[in-house]
Amino acid sequence: MSKKQFQTEVHRLLHLIIHSLYSHKEIFLRELISNSSDALDKLKFLALTDEKYKGINFEPRVDIFFDHKEKTLTISDTGIGMNEQELDENLGTIARSGTRNFVHSMTGDEKKDSNLIGQFGVGFYSGFMVADKVEVVSRKAGEDKASKWISDGKEEYSIESAERDTQGTTVKLFLNDEGEEYANRWSIQGIIRKYSNHVPFPIYLHFEDTKFEGEGDDKKEIKEEKVEQINSASAIWKRSKSELKDEDYNEFYRQIGHDMEDPLLYMHTQAEGTLDYSTLFYIPAKAPIDLFRADYKAGVKLYVKRVFITDDDKDLMPTYLRFVRGVIDSEDLPLNVSREILQQNRVMAKIRSSSVKKILSELESLKTGKREKYNLFWKEFGIPVKEGLYQDYENKDKLVELVMYKSTRGEDYTTLSEYVERMAPDQNSIFYITGGKENVLRNSPLLEMYRNRNIEVLILSDEIDEIVITTIPKYKDFELKSVNRSDAADDLKSDDDKEREKKIEPLVKKIKEKLGGNVKDVIASTRLSDSPSCIVADENDPTVQMQHILKAMGQENLPEFKPVLEINPDHEIIKKLEGASDEALIEDISFLLLEQAMLVEGMELKSPNAFVARMNRVMNKAI
Ligand code: ADP
């Protein structure tokens, strides 16, 4: 027997699981059954494709035993099994980076963290929530020796040799006080039906039935060993839609999505004809925590003729739909299809492309039919869907219709098509503002003129918007224009505006002279009403926020993009400045007009000292 220390990360993980998932401890059974189901999947696949395993005696099943008196619960499967080395590696260390990420992603919020648990594959350890000792006896298919892994889930574990008649794994939990309630027929049945009803292998529960025979003094208690299959064990996606209820779909989702909540949406397709396949897709109600990680876990599993092939192929879905959960089952692919073959396979490409179209069209119906629900969807998954605009050229027209933005019209999201419907007949462009959080943008001076003229402006407050919006230069016949750019207001200029522009030209020239190389240009603004000035990007330069993004992406050597300063001819300060003659004061005020506009945009001033000195000089004169 050898004793070994848990890897530090496992140790931390165990601690976190036991303490943070406490109120959802029943999921341990789902996790252990799901491990058994994976092990059965693996062996089933080998038995069908690999000569070495073809002759094996294999009856795929999961058996569950409990002992109320001894307080034990045992989950046994006839799956692929593990040898000594695998027991050590799989149950003593965290080999996969995904699990390490899990440890770092723990939020401390119990509900969120327990949703994470399966996503990162830390399932086995959840057994220690209900047990103070766990024994795993396992024998690998095709090998003779069995081994036993034992641990109390604290510091260390040990491995010794053991006996097992057939291949497979038996996990025995020595239940603690919190886990005692699970050594009970009804609670086991309840949990399995809730989470694991559609595991595609039979799960048998072994229990003792007590019967009474005879009457009066002759009455005898007879105990009888019984075995009962407690799950429906069917591949739900192969069953006819008419016999399935919402609850069946939701139950299957909770199982494969490792989620406690019901999904927002499901879509079940059974295609026959040139290609035979079934798909069952789900959109979760909440975004998975790894949604924005490069090493996110794929959500769609591939089956061929009901045989599990992989749950680790990110190419089954485009990345912008990485939050979709579910199953693709094809009748036309070969069982031994490899990842390389999959990538070039025409059958797979067709299934994928129709799956994407199906998902997008279901989202479209959700948008038109159940807007409240679609709003929830958009809040969770709007950002990845927007990524689709530059990833999926084929479906771009559909994606553009799905995109929603906040707008100055109210608090709600709006689609581009709804915006266009509301436009006044003389409005020729769609306007949007970018560059910061929603509340900052809503208060931006750049919006003043639009507000005064009752023109709606879209509020693009996600960082990704700045990049994505450039892929939609036009919607229907209307150009999309950023109010952050100097030319946006051009087509809104009235004759009055042009008149004023002319009148103020000498002052504009003067300010430009004073500011010298600090600005690209100074122009009279038609978009301001309450503020004396604002800055915008030249129509050919990246906007200020875009410059931030480029810098954040590591583009250190950006040329310096100078802003265009716009001044408001109708503002008191500007009017007074037109009549001013104190050259030093004009210079200070010119700089202050620029600097205050930069501050409002969230930019840093090159020299805060110079700014403060200027302000003090002006204050001094004002008193
Ligand atoms: P996950 O199942 O998400 O990979 P677990 O911590 O639950 O994470 O299990 C770790 C590994 O241990 C599994 O990937 C698998 O290789 C192995 N394992 C766990 N349970 C079994 C089982 N019943 N039969 C065979 N292998 C198992």
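Trainee: Which hand does the crossing of α10 and α11 have, left or right?

Mentor: In this predicted model, the crossing of α10 and α11 is left-handed. The name applies because the near helix is turned anticlockwise from the far one by less than a right angle.

Trainee: What makes α10 and α11 oblique to each other?

Mentor: Start with the angle. Helix α10 (residues 346-369) and helix α11 (residues 371-391) have axes that cross at roughly 125° and come within 6 Å. Roughly perpendicular runs from 65 to 115 degrees, and roughly antiparallel needs over 145. The angle of roughly 125° fits neither range, so α10 and α11 are oblique to each other.

Trainee: And which residues of α10 and α11 meet?

Mentor: From α10 you have L363, L366, K367 and G369, and they meet R371, K373, Y374 and F377 of α11. Sort the residues of that contact and you get four nonpolar, one polar and three charged. If you're hunting for the polar one, remember that Gly counts as polar, and G369 is on the α10 side.

Trainee: How do you know whether α18 is parallel or perpendicular to α21?

Mentor: Same approach. Helix α18 (residues 505-515) and helix α21 (residues 583-600) pack at an angle of about 85°, and their axes are 9 Å apart. The perpendicular class covers 65 to 115 degrees, so α18 is roughly perpendicular to α21. On the α18 side the contact uses K510, I511, K514 and L515, while α21 brings E583, I586, E587, S590, F591, L593 and L594. Those residues divide into six nonpolar, one polar and four charged.

Trainee: On to charges. Why is the pair of E228 and R185 called a salt bridge?

Mentor: The test is a side-chain nitrogen of Lys or Arg within 4 Å of a carboxyl oxygen of Asp or Glu. The closest N and O atoms of E228 and R185 are 3.7 Å apart, so the pair passes the 4 Å limit. E228 sits in strand β9 (residues 220-229) and R185 in helix α7 (residues 185-195), so this salt bridge ties together parts that are 43 residues apart in sequence.

Trainee: What about accessibility: is R185 buried or exposed?

Mentor: R185 has 18% relative accessibility, and buried means under 20%, so R185 counts as buried. Its partner E228 has 26%, which is over that limit but short of the 50% needed for exposed, so E228 is partly exposed.

Trainee: What does the salt bridge of D209 with K226 tie together?

Mentor: In that one the closest N and O atoms are 3.2 Å apart. D209 lies in strand β8 (residues 203-213) and K226 in strand β9, so the pair links parts that are 17 residues apart in sequence. K226 has a relative accessible area of 31%, so it's partly exposed.

Trainee: How far apart in sequence are the parts tied by R322 and E387?

Mentor: The side chains of R322 and E387 meet in a salt bridge at 3.0 Å, N to O. R322 is in the loop between β13 (307-310) and β14 (325-330), and E387 is in helix α11, so the pair ties together parts that are 65 residues apart in sequence. R322 and E387 are both buried.

Trainee: How many salt bridges does the whole structure have?

Mentor: A search finds 38. Some share partners: E59, R61 and D63 are joined that way into one network.

Trainee: Back to β9, then. What makes V227 partly exposed?

Mentor: V227 lies in strand β9, and its relative accessible area is 47%. Exposed would need over 50%, so V227 is called partly exposed. Leaving out residues up to four places away in sequence, V227 touches Y204, L205 and H206.

Trainee: Why does N454 count as exposed?

Mentor: N454 is at 72% relative accessibility and the cut-off is over 50%, so N454 counts as exposed. It lies in the loop between α15 (448-452) and β18 (457-460). N454 also has a positive phi of about 65° although it isn't a glycine.

Trainee: What makes a positive phi worth a remark?

Mentor: Most residues other than glycine have a negative phi. A233 is another positive case, with phi near 55°, and A233 is in the loop between β9 and α8 (246-256).

Note on methods
Residues numbered from 1 in each chain as written. Predicted model: local features only at pLDDT ≥ 70, side-chain atom pairs only at ≥ 80, totals over all residues. Heavy atoms only, no water. Axes fitted to C-alpha atoms, helices over the stretch in contact; angles between N-to-C directions. Helix = DSSP H or I, 4+ residues; strand = E, 2+ residues; numbered from the N terminus. Parallel < 35°, antiparallel > 145°, perpendicular 65-115°, else oblique. Contact = heavy atoms within 4.5 Å. Buried < 20%, exposed > 50% of the residue type's maximum accessible area, 1.4 Å probe, protein only.
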